[in-house]
Amino acid sequence: MKIAIVGTGYVGLVTGTCLSEVGLDVTCIDINEQKIKLLKNGGCPIYEPGLEDMLQSNMRAGRLHFSTSLAEVISDIDVVFSAVGTPPDEDGSADLSYVLEVAHTVGRTMSKYLVLVTKSTVPVGTAKKVKAAVQEELDKRGVSIEFDVASNPEFLKEGDAISDFMKPDRIVVGVDSERAQNIMEKIYKPFVINGHPLIFTDICSAEMIKYTANAMLATRISFMNDIANLCEQVGADVNMVRRGIGTDSRIGSKFLYAGIGYGGSCFPKDVKALIHTGEENGCSLDILKSVEAINERQKSLLFNKLVKYYDNKIAGKTVAILGLAFKPNTDDMREAPALVLIDKLLKAGCTVKVYDPVAMNECYRRIGNSVTYCNNANETYTDADALFMVTEWSEFRILDFDKVKSSMRHAVIFDGRNIYNRDDASAHGIEYFPVGS
């Protein structure tokens, strides 16, 4: 079976590489010629632990290929996975132009039966538009070729994507024909032989599952952040609260950590898109509107704590930021809290020094020389008036507090991820302000 993956972003490249890992013949396609050239030379355009090595090994084995043209390979392809971007429009809806362009291309160039699988996160009803786009092109050509459309949402965590794909909690596939279901079963058989569930649904339900899952996780994050802010006001400790409710089997312990908000490529845009879908269908998703509002407010939390600490006199202060990516083990800064904090600090007249193990180039691409880029954590907080802990990379989990105390101009830490301990910091003469206690 031969597979084409259209789009070599995060989802497409991980999907294509992992499918080739189990023996399938995969061609990854992207119109970005520079990206394809890099991939053909064994390079990897995104940071994801283990991905580059797996990519190179499958290229050497002859199972993984790259191209800039779907039309050139489609005659041999049995399944096309559409993994192109669905960025949010100004109104929060998902931009489906890239998804529909793939569908039109398939309709213009296909010569035999195939399954077109939407891997991108798309609103409910997108499959109908995709099917109509393919059929429109076939009608223009005056040909009758059978095809199926399927929905196969991804559930990958950046930084742990390969493990998520190779050992999934579940695989969800929406189909409307037995033929398409049989083909998808063959593709995913290597991933479910150890008991991981392969769940088949109707297409609309599959499209809804991804949005619902991300919306629920985002809700848990914003809920705990709201509780954390209340804990600070009443003298409670959100970490104790989290442990207390996390042991309840009805609730569970995951995604209950207080912090400075979620970012990344999924949660922000998916919450916005689901809100928009609700509005289009006369359903006001008020809980999700609050989730989004709380999250945006939370991204400014450390800045607000700094302003309060210095009694509104922060102009001229030097602030060190450890961590730029929205989470560890990725260089992704989409919707990252660090960007909000940097913007607010610069507008307030602060000097900002930053360090991240892998996201420095991405930060420079986004904001240029407006901040000082440092080579390590110690260089970042040296001569600083405050230290913001923003992304909980492993190398930040244990700081040399003696060095922090002696290096900083004013030893105060604002911990946006609650990875340190107030007593430890205080014992070294460092003032410490976490989230929610």
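**Exercise 1. Break down by class the residues that line the second largest cavity, then place them.**

Step 1. Its lining holds four nonpolar, three polar and two charged residues. Ala, Val, Leu, Ile, Met, Phe, Trp, Tyr, Cys and Pro count as nonpolar; Asp, Glu, Lys and Arg are charged; the others, Gly among them, are polar.

Step 2. Check the ground rules. This is a predicted model, in which local features need pLDDT of at least 70 and side-chain atom pairs count only at pLDDT 80 or more, while totals for chains, interfaces and linings use all residues. Residues are numbered from 1 along each chain as its sequence is written, and side-chain values use heavy atoms, with hydrogens and water left out.

Step 3. Name the residues. Thr86, Pro88, Gly92, Ser93, Ala94, Tyr211, Lys269, Asp270 and Ala273 line the second largest cavity. A cavity is a set of points, on a 1 Å grid over the protein atoms alone, where a 1.4 Å probe fits but cannot get out; lining residues have an atom within 4 Å of a point.

Step 4. Find the main contributor. Helix α10 (residues 267–280) supplies the largest share, three residues. Helices (H or I, at least four residues) and strands (E, at least two) are DSSP runs, numbered from the N terminus.

Step 5. Add the volume. The second largest cavity has about 30 Å³. Grid points are joined across faces, edges and corners, and a volume is the space filled by probe spheres set on the points.

**Exercise 2. How many cavities of 30 Å³ or more are there, and what lines the largest?**

Step 1. The count is two cavities. The largest holds about 50 Å³ of space.

Step 2. Its lining is made of Thr118, Ser120, Thr121, Val122, Ser151, Asn152, Pro153, Ala206, Glu207, Lys210 and Tyr211.

Step 3. By class, that lining divides into four nonpolar, five polar and two charged residues.

Step 4. Helix α8 (residues 203–234) gives the most, with four residues.

**Exercise 3. Is strand β5 (residues 114–118) enclosed or open, and what are its neighbours?**

Step 1. Five of the five residues of β5 are buried (under 20% relative accessible area with a 1.4 Å probe, protein chains only; exposed is over 50%, partly exposed in between). The strand is therefore largely enclosed by the rest of the structure.

Step 2. Sort the side chains. Leu114, Leu116 and Thr118 point one way, Val115 and Val117 the other way.

Step 3. Take one neighbour. Strand β4 (residues 79–82) runs parallel to β5 and is joined to it by four bridges. Two strands pair if DSSP finds at least two bridges between them. Ser82 has Thr118 in β5 as its bridge partner.

Step 4. Take the other neighbour. Five bridges join β5 to the parallel strand β6 (residues 147–151). Val115 stands opposite Asp148 in β6.

Step 5. Trace the connection. β5, helix α5 (residues 126–141) and β6 make a right-handed β-α-β unit. Right-handed means that, with the strands pointing away from the viewer, the path from the first strand over the helix to the second runs clockwise.

**Exercise 4. Lay out the open sheet of six strands and follow its parallel pairs.**

Step 1. The order is β11-β10-β9-β12-β13-β14, with parallel pairing. β11 (372–373) and β14 (431–433) stand at the edges with a single partner strand each, so one side of each is left without a neighbour in the sheet.

Step 2. Four bridges join β9 (residues 318–322) to β12 (residues 386–389). Leu322 has Met389 in β12 as its bridge partner.

Step 3. Three bridges join β12 to β13. Here Leu387 stands opposite Ile413.

Step 4. Look at β13 (residues 412–415). Val412 and Phe414 point one way, Ile413 and Asp415 the other way, and all are buried.

Step 5. β12, helix α16 (residues 401–407) and β13 form a right-handed β-α-β unit. From β13 the chain crosses through helix α17 (residues 422–427) to β14, again as a right-handed β-α-β crossover.

**Exercise 5. Compare the expected and modelled span of helix α1 (residues 10–21).**

Step 1. The expected span is 1.5 Å times one less than the number of residues. For the twelve residues of α1, that gives 16 Å.

Step 2. The end C-alpha atoms of α1 are 17 Å apart, which agrees.

Step 3. Check the cover. Eleven of the twelve residues of α1 are buried, including Tyr10, Leu13 and Cys18.

Step 4. Look past the end. Gly23 follows α1, with a positive phi near 105°.

Definitions and conventions: 1 Å grid on protein atoms, 1.4 Å probe; cavity = no way out; pocket = protein on both sides within 12 Å on 5 of 7 lines; lining within 4 Å.
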